Amino acid sequence: MRDVLLIFAIALGAALGIGLAGAVLLRALRRSSITVHLNVLLTTTVVAVAVGVMAVAEAMFLSAHDLEVVLITVAAAAVVSLAVGGHFGRRLARAAVWRDQARERERQLEKGRRDLVAWVSHDLRTPLAGLRAMAEALEDRVVRDPDTVDEYHRRIRVETDRMTRLVDDLFELSRINAGALRLSLTAVPLGEVVSDALASTIPLADARRIKLIASESGWPTVAASEPELARVVANLLLNAVRYTPADGTVRIEAGREDDHAWLSVADTCGGIPPADLPRVFDIAFRGEPARTPGPGDGGASGGLGLAIVHGLVEAHGGRVEVRNTSDGCQFMVRLATA
């Protein structure tokens, strides 16, 4: 019994020393990834067992041959244990990280849905209340003056168009988020798409005394779906015009770099707060009140315009970025060339 207790004490002392060293190492690496923690923990356990066996074997005064056999056996078991444990440890770490990322992504999506419902409810409730009031005034003949009646009819049409655009944006966004967007890529001359977008934006820009500047040449041909690309360009131009103060400038340019084309839309809005830059493409995000469009801005889309741009560009396999410039901000779209 005494020999058994002695063997146990020797093995416990050797393993305890390795275990304490592993604990100190884990504490020093507490900010490291879960993969590093699992590997250190596994190595500490295997080495503790191996050192305990070796210490007991030395204390038993085994012959050189028997000691060599024990050491080879322990080394083989340690190698197999480390290999198997390391492989499954990495898989476990990846699974844990993936679950954390999935939960975080789900929380962000849920927050985005709540924000979207809140913004859309606001953007629908206000015009609907106005439409109802004007319709009741016309129905009850409270308004009889022909000019006022015509103005009511015009405002009803404008608000109806605005809500139609909002519903279209919601439908487009739902297609993007559901993965139901199917693009038919062709060679699209970017200059023609920009020309059409400029033609539809000029009335709003003129009304706000904003100068639109576009390059006369250098427009590349990109691999894209023309309707979706037209929406990207139109949304970027409208966004720039809405947030640029009167007498400002919106400049649109394009070019080619290596195997991709770029499109730049720059304005003189004064810039976006740095804290808001990472959230510009979030659903229903509008930022500070000063950057929230008001009535008569061409049909604000409930904070969906840039979210749609981001989704459509990514569906094309491209990317869109935003940065502040000296007097405003610049949106840069990168797409594959045809």
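A residue counts as exposed when its relative accessible area is over 50%, and as buried when that area is under 20%. Keep these two cut-offs in mind. The structure above is a predicted model.

Try the cut-offs on D258. Its relative accessible area is 76%, so D258 is exposed. D258 is found in the loop between β4 and β5. Its backbone deserves a look too. D258 has a positive phi of about 55°, although it is not a glycine. Most residues other than glycine have a negative phi. R209 also has a positive phi of about 55° without being a glycine. R209 lies in the loop between α5 and β2.

Now step back to the whole chain. The protein chain has seven helices and seven strands. Read from the N terminus, the order is α-α-α-α-β-α-β-β-α-β-β-α-β-β. Four helices come before β1 in that order. The protein chain has 338 residues, and buried ones make up 34% of them. The chain exposes about 19,900 Å². Carbon and sulfur atoms supply 59% of that area. How far apart in sequence are the residues that meet? Take the contacts between residues at least 6 apart in sequence: 72% of these join residues at least 24 apart.

Start the tour at the N-terminal end. An unreviewed UniProt entry carries the annotation "transmembrane region" for residues 6–26, 38–57 and 69–89. What does the model show over residues 38–57? The chain there is 100% helix and 0% strand. The end C-alpha atoms of this stretch are 29 Å apart.

Helix α2 runs over residues 34–59. Does its length fit the count or clash with it? At 1.5 Å a residue, its 26 residues should span 38 Å, and the end C-alpha atoms are 37 Å apart, so the two agree. The buried residues in α2 include V40, T44, V46, A48 and A50. G52, V56 and A57 are buried there as well. Look closer at V46, which lies in α2. Its relative accessibility is 12%, and therefore V46 counts as buried. Leaving out residues up to four places away in sequence, V46 touches A78, S81 and L82. V46 and A75 are 29 residues apart in sequence, yet their C-alpha atoms are 9.9 Å apart in space.

Move on to helix α5, residues 190–207. At 1.5 Å a residue, its 18 residues should span 26 Å; the end C-alpha atoms are 26 Å apart, so the expected span agrees. Even so, α5 has a bend of about 45° at T201. A proline, P203, follows within four residues. Just after α5 comes R209, with its positive phi of about 55°.

Which residues of α5 are buried? They are L190, V193, V194, A197, L198, T201, L204 and A205. These buried residues pack against the strands β1 (186–189), β2 (211–214), β3 (221–224), β4 (249–257) and β5 (260–267). They also pack against the helix α6 (226–243).

L198 shows this packing in one residue. It lies in α5. Its relative accessibility is 15%, so L198 counts as buried. Not counting residues up to four places away in sequence, L198 touches L212, A214, L237 and I252. The C-alpha atoms of L198 and L238 are 9.4 Å apart, although 40 residues separate the pair along the chain.

Now look for the nonpolar interior. In soluble globular proteins, nonpolar side chains tend to be buried together. Here, the largest nonpolar core has 47 residues. L229 and V233 have the most contacts inside this core. Which helix gives the most to this core? α6 does, with eight residues. Leaving aside neighbours within four places in sequence, L229 is in contact with V188, L190, V193, V222, A224, H316 and L335. L190 and V193 are among the buried residues of α5. A second, separate core has seven residues, including L131, M134, Y152 and M163.

End with one more residue of α6, N239. Is N239 buried or exposed? Its relative accessible area is 8%, so N239 is buried. Beyond its neighbours within four places in sequence, N239 is in contact with L306 and F331.

Conventions: Residues are numbered from 1 along each chain as its sequence is written. This is a predicted model: local features need pLDDT of at least 70, side-chain atom pairs count only at pLDDT 80 or more; totals for chains, interfaces and linings use all residues. Side-chain values use heavy atoms; hydrogens and water are left out. UniProt positions are given in the numbering used here, feature names are shortened, and annotations may be inferred rather than shown by experiment. Helices (H or I, at least four residues) and strands (E, at least two) are DSSP runs, numbered from the N terminus. Buried means under 20% relative accessible area, exposed over 50%, partly exposed in between (1.4 Å probe, protein chains only). Contact means heavy atoms within 4.5 Å. Accessible areas come from the Shrake-Rupley method with a 1.4 Å probe; for residues, only the protein chains shown count as cover. The expected span of a helix is 1.5 Å times one less than its number of residues. The bend at a residue is the angle between axes fitted to the seven residues ending there and the seven starting there. A nonpolar core is a set of buried Ala, Val, Leu, Ile, Met, Phe, Trp, Tyr and Cys residues joined through side-chain atoms within 4.5 Å.
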